[in-house]
Amino acid sequence: MEDVVIAGAGPTGLMLACELRLAGVDVLVVERLTEPTRDSRAGGLHPRSLEVLDQRGMLDPFLAEGRPLPGTRFAGLPLDLSGLPTRYPFLLVIVQRRIERLLEARARELGVRIRRGVEVTGLRPGSASAGAASPTAGAAAAASAAAESVVVETTAGPVETRYLVGCDGGRSVVRRLAGIDFPGTPATTTSILGDVELADPPAEQFLIQRTPRGNFSVLGFEEGWRRVIVEEAGATVADSTAIGFEDLRAMLIRVAGTDFGMHSPRWISRFTDVARQAACYRSGRVLLAGDAAHVHSPAGGQGLNTGLQDAFNLGWKLALVVRGSADEELLDTYHEERHPVGARVLSNTRAQSALSAPGAHVDALRAHVGDMLATPDANRKIAMMITGLDISYGLGPRVPDRELPDGTRLFEHLRTGRPILADVAGEPVDGCLVSELKGSGEPLLIRPDGYPAWVESLGREALSTALRPWR
């Protein structure tokens with residue numbers, strides 16, 4: 001029996017696999033694609049995601065392959081990141097295929113098993129319900145709550161596992177088989193994008209323009225090609241309609257008045273502003289993370305980053321439960337903490353879609369919003385939200401990195417995936433798998449994901465309770 005099966009070898013699934021293996025949990029990742037995608041897909045890592053990678057000692061290869069930018073956009077309006085309270089106050093431009101390659105290398109180094117060309121086709125409860133009738137799709141996860149395992153039917157045969165995590169994208173098969181509702185709002189626009197070469201590129205490396213006919217962007221992620229994105233006002237394209245290079249070119253000419261001499265397409269795709277979120281992130285022994293749990297417009301580049309941070313929140317909790325150090329109720333805190341984060345992303349991307357629509361009324365609104373974002377307080381508030389630096393769980397926001405008296409940094413002490421107990425007098429951690437720090441500031445227990453698990457005002461009895469899963 002597997003400890004955990006993860007469906008999907010995208011950034012979320014690979015990050016979760018790394019977290020689980022770091023904690024000593026056996027992990028099998030199944031991925032329907034037979035080889036890693038060559039498509040560029042998402043294009044950047046936010047400051048909080050860079051902190052997450054730093055906290056696990058994984059950041060340097062990403063910095064080496066990416067390119068820092070001091071700002072990003074909110075509905076196409078400039079958003080400055082340079083003053084944010086982090087060691088990494090910038091957007092790291094790095095396309096998703098490179099992110100996946102680096103994460104997969106780390107996962108394999110840790111001993112994660114990845115089976116490609118394998119699709120999930122069904123779910124049923126495992127050993128504790130042997131002999132029970134096979135449930136229909138949707139009842140499987142509910143039945144698995146009473147079972148000790150779940151059987152994942154795949155194209156390569158059945159796999160029994162204690163937990164299954166669906167990281168298999170917006171059209172998640174795991175979510176559908178688990179019967180988890182996916183409410184939200186339908187698409188109002190369709191954008192076509194393409195990674196192409198341009199004979200007559202604009203001078204700007206990142207050109208973003210709004211016109212009466214729609215919006216277009218020409219983005220320089222890497223040398224030798226540009227990403228062109230175009231949205232025509234009032235135009236939607238059904239998912240069943242085939243699109244190609246000529247569709248992109250024709251729409252760009254209508255909206256921008258030129259095609260910039262585009263040629264040699266590498267990737268053509270589309271996206272919409274559909275916004276949906278799973279009603280629950282956990283149903284029995286089935287959990288969801290990343291796009292399987294939330295889909296929305298790519299405005300602000302939040303999708304991949306939100307998924308990475310889902311994985312960072314879930315990983316240590318699932319590991320403790322699998323190892324028997326914590327009760328299953330700990331997994332409920334994953335939904336409690338991350339569902340509001342996903343809901344906020346849906347809300348702000350809907351707002352950005354509204355602010356990007358054509359018309360005089362939106363023009364006026366954009367002028368006022370642009371003026372507000374030019375003020376330091378408003379810029380900081382929105383930038384902290386978009387980048388995830390302001391996320392706060394029960395006891396407060398993330399604990400920031402700091403230099404310590406011994407010459408190390410606080411984040412370096414999180415690289416084992418264990419919590420940190422800082423500046424607590426006495427010997428409260430005998431037999432605990434925690435890192436003790438002295439001279440680091442106020443008494444504090446820091447969770448493996450960098451958020452506080454105990455503060456001094458809660459008292460020593462609460463500290464003993466908080467430490468219990470690591471004894």
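This section describes selected strands, a helix, the internal spaces and the cysteines of a predicted model.

Strand β10, residues 150–154, is mostly covered, with four of its five residues buried. On one side, β10 pairs with strand β9, which spans residues 120–125. The pairing of β9 and β10 is antiparallel and extends over five bridges. Within this pairing, Gly122 lies opposite Glu153 of β10. Strand β10 also pairs with β11, residues 159–166, again in the antiparallel sense, here through three bridges. In this second pairing, Val150 has Thr161 of β11 as its bridge partner. Strands β10 and β11 form a hairpin with four residues between the strands. In that hairpin, Gly157 adopts a positive phi near 110°.

A further sheet is open and consists of three strands in the order β12-β18-β21, with antiparallel pairing. Its edge strands are β12 (184–185) and β21 (294–295), each of which pairs on one side only. Two bridges connect β12 to β18, the strand of residues 275–277, and these strands run antiparallel. Gly184 is placed opposite Arg276 of β18. Strands of a sheet pair through backbone hydrogen bonds, in either the parallel or the antiparallel sense.

Helix α2 covers residues 47–55 and is mostly covered, nine of its nine residues being buried. The buried positions carry a mixture of residues: Pro47, Leu50, Val52 and Leu53 are among them, as are Arg48, Glu51 and Asp54, together with Ser49 and Gln55. An α-helix has 3.6 residues a turn, so residues three or four places apart point the same way. Just after α2, Gly57 takes a positive phi of about 70°.

Helix α2 also contributes to the internal spaces of the model, giving two or more residues to the lining of the second largest cavity. The model contains three cavities of 30 Å³ or more. The largest cavity has a volume of about 110 Å³. Its lining comprises 14 residues, and those nearest the centre are Thr306, Val345, Met385, Ile386 and Gly388. Helices α8, α9 and α11 (376–387) are the elements that each supply two or more residues to this lining. The greatest contribution to the lining of the largest cavity comes from α9, with four residues. By class, the lining of the largest cavity has eight polar, five nonpolar and one charged residues.

The second largest cavity has a volume of about 60 Å³. The residues that line it include Arg48 and Val52, both of which are buried residues of α2. Other lining residues of the second largest cavity are Gln309, Phe312, Asn313, Arg338, Ile391, Tyr393, Asp449 and Tyr451. The elements that give two or more residues to this lining are α2 and α8. Helix α8 provides the largest share, three residues. The lining of the second largest cavity divides into five nonpolar, two polar and three charged residues.

Among the pockets, the second largest has a volume of about 430 Å³. It is lined by 23 residues, and Trp316, Leu330, Thr465, Ala466 and Pro469 lie nearest its centre. Two or more lining residues come from each of α8 (303–322), α9 (329–355), β27 (452–455) and α12 (460–467). Helices α8 and α9 thus appear in the lining of this pocket and in that of the largest cavity. The lining of the second largest pocket is made up of 14 nonpolar, four polar and five charged residues.

A search of the whole structure finds zero disulfides. Cys167 is in no disulfide, and the nearest cysteine sulfur to its own, that of Cys18, is 12 Å away. Cys167 counts as buried because its relative accessibility is 9%, the limit for a buried residue being under 20%. For Cys280, the closest cysteine sulfur is that of Cys167, at 15 Å, which is too far for a bond. The cut-off applied to a disulfide is a pair of cysteine sulfur atoms within 2.5 Å. With a relative accessibility of 25%, Cys280 counts as partly exposed.

Key: Residues numbered from 1 in each chain as written. Predicted model: local features only at pLDDT ≥ 70, side-chain atom pairs only at ≥ 80, totals over all residues. Heavy atoms only, no water. Buried < 20%, exposed > 50% of the residue type's maximum accessible area, 1.4 Å probe, protein only. Pairing = 2+ DSSP bridges. 1 Å grid on protein atoms, 1.4 Å probe; cavity = no way out; pocket = protein on both sides within 12 Å on 5 of 7 lines; lining within 4 Å. Points joined across faces, edges and corners; volume = space filled by probe spheres on them. Nonpolar A, V, L, I, M, F, W, Y, C, P; charged D, E, K, R; others polar.
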